[in-house]
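Please work through the exercises below with the sequence and the model open beside you. Each task is followed by a solution that proceeds step by step.

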Amino acid sequence: MKLSAQLKSQTSSAVSALDSLGHVYLEFENTLHVDSDNSPTSSSLTHFNGNKSEPIHRWFSYKEGFSSQLLSWVCKACDLNLDSVAAILDPFAGVATSLLSAQLLYRGNRTLKLVGVERNPFVASVGRTKLNWQSFDVKKIANCIPKLASKVKARGDLKFEIAELTTLRNEKVFNRRRLYDLLFARELIKNELQLGHEVNFFLLGWASIIEGASNVRKDGRALRFVDKENRQPVYKLLEARLSQMLADIRTASKALSSVKRGDVRATVFEGDGRTLDVLSSSDTRFDMILYSPPYLNNLDYSEVYKMELWLSEAVSSSAEFRRLRLQTLRSHPSLIFPETYLVDHLPAAAWSRRLRDALLELLPNDSRRRERARTIRAYMDDMLVSLRNQYIFARPGAPVICVVGNSVHGSKEYPIPIATDLLIASLAQEAGFEVEKLHVTRYTRRRDYSESVLREGILILRRPRLNARGS
Ligand SMILES: C[S@@+](CC[C@H](N)C(=O)[O-])C[C@H]1O[C@@H](n2cnc3c(N)ncnc32)[C@H](O)[C@@H]1O
């Protein structure tokens with residue numbers, strides 16, 4: 001079907017802009033190797049859902065994460081034996097799914113170095129705590145869970161100061177009794193129970209029940225009100241969650257108890273995955289880079305996870321919150337970022353320029369045009385910087401795997417199809433990578449839009465091997 005079939009009621013210039021975009025998309029896509037298998041196994045690779053039944057992975061539900069099974073799929077697709085790998089990097093680590101999968105699966109006899117970079121301090125701490133699961137003292141935890149639960153149950157009318165975030169002060173979002181229970185539990189965990197290193201385990205369990213204790217649920221970019229009349233009191237939610245986490249440590253320890261392998265060292269830096277400047281003094285070069293960047297879908301992670309950020313005290317003022325958002329990859333228009341012009345400096349015939357300009361051409365002349373154009377430009381520049389830095393840190397011959405989802409902006413009458421996978425593939429070529437394959441894991445459908453550009457997939461890039469001259 002022609003893309004312009006969606007634009008029945010629009011002007012002829014809009015129809016031709018959509019046709020040209022469709023044409024450039026197709027022309028570029030024809031230069032790539034694209035395959036797909038719409039099997040349930042393949043489509044689950046780009047989603048977090050399956051992780052909810054996996055020990056340790058399930059310690060925090062991160063809707064935007066990918067599957068714990070992805071790493072095995074990638075190793076197979078790239079003909080790479082995980083046990084022979086020395087270092088893996090995830091520059092947009094989220095809750096560290098990629099690194100935790102590697103940590104649990106590795107059976108090699110050398111040292112494996114796992115490095116993550118994540119901008120959001122709360123999310124980074126989730127990943128770090130999960131990767132540290134082996135360091136927690138199970139006896140101490142087992143002893144402290146019932147103590148914590150019974151103290152929270154007996155809070156009485158102790159009250160606590162509530163952070164300045166409007167969402168937290170809105171009693172429709174959080175009923176006060178539950179919010180005070182949560183704040184009391186945080187106080188006990190941080191200051192009273194003398195938990196030592198295990199404080200991180202408890203704080204993660206505590207943070208993971210915040211959404212369940214509120215009257216909202218995360219739904220894409222928004223928080224939606226839900227009826228949770230029958231839910232458990234905070235002390236019970238907490239006790240159940242911490243007990244499940246404790247059981248996970250026992251299960252995972254048992255699974256690894258008879259395994260002999262080299263050291264696995266995992267770190268998650270709080271930093272910028274675009275510039276990778278946290279690695280600037282390191283001479284490690286990675287055998288695999290595996291990640292999923294923010295997509296060009298307007299999702300602002302700091303906004304979606306604001307309850308957790310503020311309640312965990314990772315952020316404590318509006319100025320700090322704004323500073324954090326300004327440091328995120330520019331995939332959303334929730335604030336005005338400084339502008340850059342990197343893609344503008346590529347040759348006019350470069351695919352990235354052609355794709356971007358065809359997309360900009362299609363933007364409707366309405367009140368959101370500037371904001372949309374700014375986000376598209378900024379996103380492509382940020383991905384170009386990211387890929388250039390990944391190129392530096394990838395060992396020659398190493399695969400770089402990028403999980404990505406496309407989206408359709410605009411309205412039913414005026415759809416703006418955004419093929420983020422093609423944009424990234426073109427930028428990867430600019431950065432020096434070979435694009436080996438785009439594996440489409442799933443064609444998604446929006447009720448009002450059925451174009452094939454709406455899909456999720458896995459881009460397999462490769463840093464070329466050195467030639468005889470070593471360049
Ligand atoms: C699609 S999610 C990655 C999810 C991850 N694969 C997982 O399974 O948990 C993208 C992540 O990029 C992070 N992010 C946004 N801007 C960043 C930046 N400048 N540097 C590093 N991470 C950033 C977001 O906070 C988010 O966690």
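The exercises that follow concern a predicted model, and they go from aromatic rings to the ligand, a helix and a few single residues.

**Exercise 1. Aromatic pairs around Y62**

Task: Classify the ring pair of Y62 and Y301 and the ring pair of Y62 and Y305, and work out which parts of the chain each pair ties together.

Solution: Begin with the search of the whole structure, which finds 12 aromatic pairs. In one of them, the ring centres of Y62 and Y301 are 6.4 Å apart and the planes meet at 35°, so this pair is tilted. Next, place the two residues: Y62 lies in the loop between helix 2 (40-44) and helix 3 (70-77), whereas Y301 lies in helix 12 (residues 301-304), so the pair ties together parts that are 239 residues apart in sequence. Then look at accessibility, where Y62 counts as buried at 5% and Y301 counts as partly exposed at 22%.

Now turn to the pair of Y62 and Y305, whose ring centres are 5.0 Å apart with planes at 40°, so that this pair is tilted as well. Because Y305 lies in the loop between helix 12 and helix 13 (306-311), while Y62 lies in the loop between helix 2 and helix 3, this pair ties together parts that are 243 residues apart in sequence. Both Y62 and Y305 are buried. As a last step, set the pairs in their surroundings: F60, Y62, F122, Y301 and Y305 form one aromatic cluster.

**Exercise 2. The surroundings of the ligand**

Task: Describe which residues surround the ligand, which atoms lie at polar distances from it, and how much of its area the protein covers.

Solution: First take the residues around the ligand, of which there are 24, with Y62, V95, T97, E118 and G273 the closest. Second, go through the N and O atoms: the side chain of E118 has an N or O atom 2.6 Å from an oxygen atom of the ligand. On the backbone, an N or O atom of Q327 is 3.2 Å from a ligand nitrogen, and an N or O atom of L329 is 3.0 Å from a ligand nitrogen. Third, consider cover: the ligand on its own has 610 Å² of accessible area, and the protein covers 99% of this.

**Exercise 3. How enclosed is helix 5?**

Task: Decide from its buried residues how far helix 5 is enclosed, and find the elements against which these residues pack.

Solution: Start with the count, in which nine of the 11 residues of helix 5 (residues 121-131) are buried, so the helix is largely enclosed by the rest of the structure. These buried residues are P121, F122, V123, A124, V126, G127, T129, K130 and L131. Then ask what surrounds them: they pack against helix 4 (97-105), strand 3 (112-118), helix 9 (199-207), strand 6 (264-270), helix 13 and helix 14 (318-326). Finally, inspect the start of helix 5, where a side-chain oxygen of N120 comes within 3.0 Å of the backbone nitrogen of F122.

**Exercise 4. Three residues in their settings**

Task: For S386, Y295 and S42, give the location, the relative accessibility and the contacts beyond close sequence neighbours.

Solution: S386 is in helix 16 (residues 369-393), and its relative accessible area of 0% makes it buried. Beyond four places in sequence, S386 is in contact with F92, G273, R274 and L329.

Y295 is in the loop between strand 7 (288-291) and helix 12; its relative accessible area is 19%, and because buried means under 20%, Y295 counts as buried. With neighbours within four places set aside, Y295 is in contact with S331, Y379, V403, V404 and G405, and its side chain also makes a polar contact of 3.3 Å with the side chain of S292.

S42 belongs to helix 2 and counts as buried at 3% relative accessibility. Not counting residues up to four places away, S42 touches D37, H439, V440 and T441, and the contact with H439 includes a polar one between the two side chains, at 3.2 Å.

**Exercise 5. Positive phi values**

Task: Locate A96 and L276, and state what is notable about the phi of each.

Solution: Recall that most residues other than glycine have a negative phi. A96, in the loop between strand 2 (87-90) and helix 4, has a positive phi near 70°, and A96 counts as buried at 0% relative accessibility. L276, in the loop between strand 6 and strand 7, has a positive phi near 55°, and L276 counts as buried at 1%.

Definitions and conventions. Residues numbered from 1 in each chain as written. Predicted model: local features only at pLDDT ≥ 70, side-chain atom pairs only at ≥ 80, totals over all residues. Heavy atoms only, no water. Phe/Tyr/Trp six-rings, centres within 6.5 Å; stacked < 30°, edge-to-face > 60°. Helix = DSSP H or I, 4+ residues; strand = E, 2+ residues; numbered from the N terminus. Buried < 20%, exposed > 50% of the residue type's maximum accessible area, 1.4 Å probe, protein only. Near = heavy atom within 4 Å. Polar contact = N/O pair within 3.5 Å; in protein donor to acceptor, adjacent residues only side chain to side chain. Areas by Shrake-Rupley, 256 points an atom, 1.4 Å probe, with all protein chains shown as cover. Contact = heavy atoms within 4.5 Å.
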